[in-house]
Amino acid sequence: MRRTKAEAEETRNSILHAAERVFYEKGVSNATLDDVAKAAGVTRGAIYWHFANKTDLFLELYNSVSLPLEDMIARDIEQPASGVLAFIEKLTVDWLDELASDEHRQRIFTILLRCSYGGDLMPVLERQQEVDDRHLASLESAFARARNEGHLNENWTPHSATRALWWMVGGLCTEWLLFGRRFDLAAEGRDGLKRLFASFRPATIDIEAPADVHSIA
């Protein structure tokens, strides 16, 4: 009996969910397609019907979650230069909030962080680097727009601001995911980003009114 499209999609999703659990528990390098098949309750042949190999399956898991700046690229940061910094800050804060509350994303990013890339898994690393490069270019372009219209502190260049934000978010996520979630990612991430973006903005100089000479004793 031929399987319906809905049944095929259900099997495919079962395989993806099983792969997520197996890769999270065993690591991608140590897991086999037999492990995934057993966890999904399907045959190895069923996996090959939907995925060419383990790398293909891993790439599909990778593509199932958006990275911090994915939405920014989709919208091409169509914000006035004066609002670019606030837009990037809110986008990053919202993404950290989502990560802190979404166990699926947490498992996928933990798998990515633990993975030893090499051999058959090199395509995943190459894909990740391709996406990262696109994100970084988009972010640097946004900071350049802010700088060109006087909205970026002169202590920062678009390149240095981009790297500082990238490393901060990456460091926060890595520390939180790999070392026991020992702090409140959403709250501390929001506070850290607020301080970082305050340094990105041009300093305001408060000029005090001169003292009344008659009041000086």
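Which residue just after H9 takes a positive phi? In this predicted model, the residue in question is Gly180, whose phi is about 85 degrees. A positive phi is also found at Arg181, here near 50 degrees and in a residue other than glycine. Arg181 belongs to the loop between H9 and H10. With a relative accessible area of 31%, Arg181 is partly exposed.

The helix that precedes this loop, H9, covers residues 158-178. Its 21 residues span 30 Å from the first C-alpha to the last, close to the 30 Å expected at 1.5 Å a residue. Buried positions in H9 are Pro158, Ala161, Thr162, Ala164, Leu165, Val169, Leu172, Cys173, Trp176 and Leu177. The packing partners of these buried residues are four helices: H6 (84-101), H7 (103-114), H8 (122-148) and H10 (185-200). His159, also in helix H9, is partly exposed, because its relative accessible area of 41% lies between the 20% limit for buried and the 50% limit for exposed residues. The C-alpha atom of His159 is separated by 8.0 Å from that of Phe143, a residue 16 positions away along the chain.

The contact between H6 and H9 was examined further. The two axes come within 12 Å and cross at roughly 10 degrees. H6 is therefore roughly parallel to H9, as the crossing angle falls under the 35 degrees used as the limit for this class. On the H6 side, the contact is made by Ile88, Thr92, Trp95, Leu96, Leu99 and Ala100. These meet Leu165, Val169, Leu172, Cys173 and Trp176 of H9. By residue class, the contact comprises 10 nonpolar residues, 1 polar residue and no charged residue. In soluble globular proteins, nonpolar side chains tend to be buried together.

The largest nonpolar core of the model contains 54 residues. Within this core, the members that touch the most others are Phe23, Val36, Leu57, Phe58, Phe143 and Leu165. At least two core residues come from each of helix H1 (5-26), helix H2 (33-40), helix H4 (54-62), H6, H7, H8, H9 and H10. H9 provides the largest share, 8 residues. Leu165 thus recurs in the description: this residue is buried in H9, takes part in the contact with H6 and is listed among the core members with the most neighbours in the core.

Note on methods
Residues numbered from 1 in each chain as written. Predicted model: local features only at pLDDT ≥ 70, side-chain atom pairs only at ≥ 80, totals over all residues. Heavy atoms only, no water. Expected span 1.5 Å × (residues − 1). Buried < 20%, exposed > 50% of the residue type's maximum accessible area, 1.4 Å probe, protein only. Contact = heavy atoms within 4.5 Å. Axes fitted to C-alpha atoms, helices over the stretch in contact; angles between N-to-C directions. Parallel < 35°, antiparallel > 145°, perpendicular 65-115°, else oblique. Nonpolar A, V, L, I, M, F, W, Y, C, P; charged D, E, K, R; others polar. Core = buried A, V, L, I, M, F, W, Y, C linked by side-chain atoms within 4.5 Å.
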